[in-house]
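Biologist: Got a minute? I'd like to talk through this chain with you.

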Amino acid sequence: MDSCEKRKQPQSKRKKIASSIITGICILFLVLSLVLLILCLVAQKNDNRSVELFGYSFSVVETDSMTGEIEVGELITVKVCSIEKAEVGANAVFIAKSGQVKGRQVVHKVIKVDCDEEGNYIVTQGVKEGAPIDDPVYAENFVGIVVRHSVFWGKVVKFFGMPVNWILIFAIVIGIPLIYTLIKMIIKFGKEVKKEKTENSAAERERLKQQLLEEYRRSKNKEDRE
């Protein structure tokens, strides 16, 4: 095996690896997109309650009542648990029973834990200055405790929540392999054209060479006859 063939083999392997990586990323991106879409649809059919996965649920903050600690648009990760786990000072997530966000998930800080004839309950309040104290939250409306929150992932969820972006997503997922394939075809075509030109050029040189040799022989024969 000559040195040229040895160089071609690593290049071919690198191209195959790159192609596999690109394909894998596209498939992973598509699967993630579909999972997020399914979770959003299920949440909408479940009275806007976030779907629980492995003991956690996820939702995006919609109001500014926690400004200063948790901002509007942040994605919060909620540890789903019983209301007995709630402690004063924790950020609890519950389903609002009244107001503009009725039926939706709200995150507020626990300021009181108590019980009555209806069972255990918590009293919550937003941390924003002037935020009112909420009505008591009982077990049936309690979701869990916030364990982390993220601005970045909130923006990601917002992006996936916009229908117009799904067109962009599928365009990218489908377009990247097509563009990659098209580029490969263009490069291959360019190489074939270059090879054909080289072969034609070599053939033309050989033809001219034979023509000159033929003319030389004719001239030589003519001189010999004279």
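Modeller: Sure, let's go through the folding pattern, the sheet and then the surface patches. Keep in mind that this is a predicted model.

Biologist: Start broad. How many helices and strands does the protein chain have?

Modeller: There are 3 helices and 7 strands. Along the sequence the pattern reads α-β-β-β-β-β-β-β-α-α.

Biologist: And what percentage of the residues count as buried?

Modeller: It is 24% of the 226 residues.

Biologist: On to the sheet. In what order do the strands sit?

Modeller: The order is 1-2-7-3-4-5-6. The sheet is open, with antiparallel pairing.

Biologist: Which are the edge strands?

Modeller: Strand 1 (56–60) and strand 6 (137–138). Each of them pairs on one side only.

Biologist: What does strand 1 pair with?

Modeller: Strand 2, residues 75–80. They are antiparallel and share 5 bridges. For a reference point, Ser57 has Val78 in strand 2 as its bridge partner.

Biologist: Now strand 3. Which strands does it pair with?

Modeller: Strand 4 and strand 7. Strand 3 covers residues 91–95, and strand 4 covers residues 105–116. Those two are antiparallel over 5 bridges. Ile95 stands opposite Gln105 there.

Biologist: And how many bridges go to strand 7?

Modeller: 3 bridges, again antiparallel. Strand 7 spans residues 142–150. Ala92 has Ile145 in strand 7 as its bridge partner.

Biologist: Is strand 3 mostly covered or mostly open?

Modeller: Mostly covered: 5 of its 5 residues are buried.

Biologist: Which residues go on which side?

Modeller: Asn91, Val93 and Ile95 are on one side. Ala92 and Phe94 are on the other. All of these are buried, which leaves both faces of strand 3 covered.

Biologist: Why do they split like that? What's the general rule?

Modeller: In a regular strand, side chains alternate between the two faces of the sheet.

Biologist: Back to strand 4. How many bridges join it to strand 5?

Modeller: 7 bridges, in the antiparallel sense. Strand 5 is residues 119–125. One of the bridge pairs is Cys115 with Asn120 in strand 5.

Biologist: How many residues lie between those two strands?

Modeller: 2 residues, and the two strands form a hairpin.

Biologist: Let's switch to the surface. Which residues make the patch of positive charge?

Modeller: Lys15, Lys184, Lys188 and Lys191.

Biologist: Which element gives the most to it?

Modeller: Helix 3, residues 163–225, with 3 residues. Lys188 lies in that helix.

Biologist: Lys188, then. Buried or exposed, and why?

Modeller: Exposed, because its relative accessibility is 55% and the cut-off for exposed is over 50%.

Biologist: Now the nonpolar side. Which residues make up that surface patch?

Modeller: Phe159, Leu168, Ile172 and Ile176. Together they make a patch of about 300 Å².

Biologist: Where does the largest share come from?

Modeller: Helix 3 again, with 3 residues. Ile176 is found in helix 3.

Biologist: And how does Ile176 count for exposure?

Modeller: Partly exposed, at 37% relative accessible area. That class runs between the buried cut-off, under 20%, and the exposed one, over 50%.

Biologist: So what does helix 3 bring to the two patches?

Modeller: In the positive patch helix 3 gives the most, 3 residues. In the nonpolar patch helix 3 has the largest share, also 3 residues.

Definitions and conventions: Residues are numbered from 1 along each chain as its sequence is written. This is a predicted model: local features need pLDDT of at least 70, side-chain atom pairs count only at pLDDT 80 or more; totals for chains, interfaces and linings use all residues. Side-chain values use heavy atoms; hydrogens and water are left out. Patches are made of residues with over 30% relative accessible area and no salt bridge: like charges are joined within 9 Å, nonpolar side chains (Val, Leu, Ile, Met, Phe, Trp, Tyr) within 5 Å. Accessible areas come from the Shrake-Rupley method with a 1.4 Å probe; for residues, only the protein chains shown count as cover. A salt bridge is a side-chain nitrogen of Lys or Arg within 4 Å of a carboxyl oxygen of Asp or Glu. Lys and Arg count as positive and Asp and Glu as negative; His and the chain ends are not counted. The place of a charge is taken as NZ of Lys, CZ of Arg, CG of Asp or CD of Glu. Helices (H or I, at least four residues) and strands (E, at least two) are DSSP runs, numbered from the N terminus. Buried means under 20% relative accessible area, exposed over 50%, partly exposed in between (1.4 Å probe, protein chains only). Two strands pair if DSSP finds at least two bridges between them.
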